[in-house]
Amino acid sequence: AIMAAFADGQTVIRDAAELKVKETNRIDTVTAGLKAMGADITPTDDGMIIEGTGHLNGASIQSYLDHRIAISVAGLASDGETQIVDSQCVDVSYPEFYATLNSVSI
């Protein structure tokens, strides 16, 4: 979904209804986060539709305590600063994530 926001044209993600029953409803959380960053994204019953705009803006994003939402890297490619609320949840799957991220030159 993040890559689709930067792509040309429309991307349709479908047959992904299982994303609704993970740690969070990832269809809704991804859609809300990317909308906050300026993406043209619409949730569907089993996925989402993303119209590529070529850019995202920094924003405050709720992680909903879902480590995969917090680890998503949209903020690295966006204009401006991105803050992940409750970012410590990444410790569930990748405790060294922020140390690794800080050691990478972009």
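## The second largest pocket

The second largest pocket holds about 200 Å³ of space. Keep in mind as you look around that this is a predicted model. Twelve names make up the lining, and it helps to find them in the order of the chain: Ala70, Ile71, Ser72 and Val73, then Gly75 and Leu76, then Thr82, Ile84 and Ser87, and finally Phe97, Tyr98 and Leu101.

Helices H3, H4 and H5 (97-103) are the elements that give two or more residues each to this lining. H5 has the largest share, with three residues. Sorted by class, the lining of the second largest pocket has eight nonpolar and four polar residues, and no charged ones.

## The largest pocket

Now turn to the largest pocket, which has a volume of about 290 Å³. Its lining is made of 19 residues, and those nearest the centre are Ile2, Val30, Leu34, Ile69 and Ser72. Ser72 may look familiar, since this residue is also listed in the lining of the second largest pocket.

Three helices supply at least two residues each to the lining of the largest pocket: H2 (26-36), H3 (67-71) and H4 (74-77). The most comes from H2, which gives five residues. By class, twelve residues in the lining of the largest pocket are nonpolar, five are polar and two are charged.

## Salt bridges around Arg26

Next come the charged side chains. The structure holds two salt bridges. In one of them, Arg26 pairs with Glu23, and the closest N and O atoms are 2.3 Å apart. How exposed are these two partners? Arg26 has a relative accessibility of 9%, which is under the 20% cut-off, so Arg26 counts as buried. Glu23, in contrast, is partly exposed, with a relative accessible area of 48%.

Arg26 also meets the side chain of Asp66 in a salt bridge, with 2.8 Å from N to O. Asp66 sits in the loop between strand S4 (60-62) and H3, while Arg26 belongs to helix H2, so this pair ties together parts that are 40 residues apart in sequence. Both Asp66 and Arg26 are buried. Taken together, Glu23, Arg26 and Asp66 are linked in a network of salt bridges.

## Polar contacts of Thr24 and Asp28

Asp66 has another partner to look for: the side chain of Thr24 makes a polar contact with the side chain of Asp66, at 2.9 Å. Thr24 is found in the loop between strand S1 (10-13) and H2. With a relative accessible area of 11%, Thr24 is buried.

Asp28 has its place in helix H2. The side chain of Asp28 makes a polar contact with the side chain of Asn25, at 3.1 Å. Asp28 has a relative accessible area of 43% and is partly exposed. To get a sense of distance across the model, you can compare Asp28 with Leu76: the two are 48 residues apart in sequence, and their C-alpha atoms are 21 Å apart in space. Leu76 is one of the residues that line the second largest pocket.

## An aromatic cluster

The last stop is a group of rings. A pair of aromatic rings is described by the distance of the centres and the angle of the planes. The structure has two aromatic pairs. In one, the ring centres of Tyr94 and Phe97 lie 5.5 Å apart and the planes meet at 70°, so the pair is edge-to-face. Tyr94 has a relative accessibility of 31% and counts as partly exposed. Phe97 has a relative accessibility of 9% and counts as buried.

The other pair joins Phe97 and Tyr98, with 5.0 Å from centre to centre and 75° between the planes, and this pair is edge-to-face too. Tyr98 is partly exposed, with a relative accessible area of 28%. Tyr94, Phe97 and Tyr98 form one aromatic cluster. The cluster also leads back to where the tour began: Phe97 and Tyr98 are among the residues lining the second largest pocket.

Technical notes: Residues are numbered from 1 along each chain as its sequence is written. This is a predicted model: local features need pLDDT of at least 70, side-chain atom pairs count only at pLDDT 80 or more; totals for chains, interfaces and linings use all residues. Side-chain values use heavy atoms; hydrogens and water are left out. On a 1 Å grid over the protein atoms alone, a cavity is a set of points where a 1.4 Å probe fits but cannot get out, and a pocket is an open set with protein on both sides within 12 Å along at least five of seven lines; lining residues have an atom within 4 Å of a point. Grid points are joined across faces, edges and corners, and a volume is the space filled by probe spheres set on the points. Helices (H or I, at least four residues) and strands (E, at least two) are DSSP runs, numbered from the N terminus. Ala, Val, Leu, Ile, Met, Phe, Trp, Tyr, Cys and Pro count as nonpolar, Asp, Glu, Lys and Arg as charged, and the others, Gly among them, as polar. A salt bridge is a side-chain nitrogen of Lys or Arg within 4 Å of a carboxyl oxygen of Asp or Glu. Buried means under 20% relative accessible area, exposed over 50%, partly exposed in between (1.4 Å probe, protein chains only). Rings of Phe, Tyr and Trp (its six-membered ring) pair if their centres lie within 6.5 Å; planes under 30 degrees apart count as stacked, over 60 as edge-to-face and the rest as tilted. A polar contact is a pair of N or O atoms within 3.5 Å; within protein, one must be able to donate a hydrogen and the other to accept it, and residues adjacent in sequence count only if both atoms are side-chain atoms.
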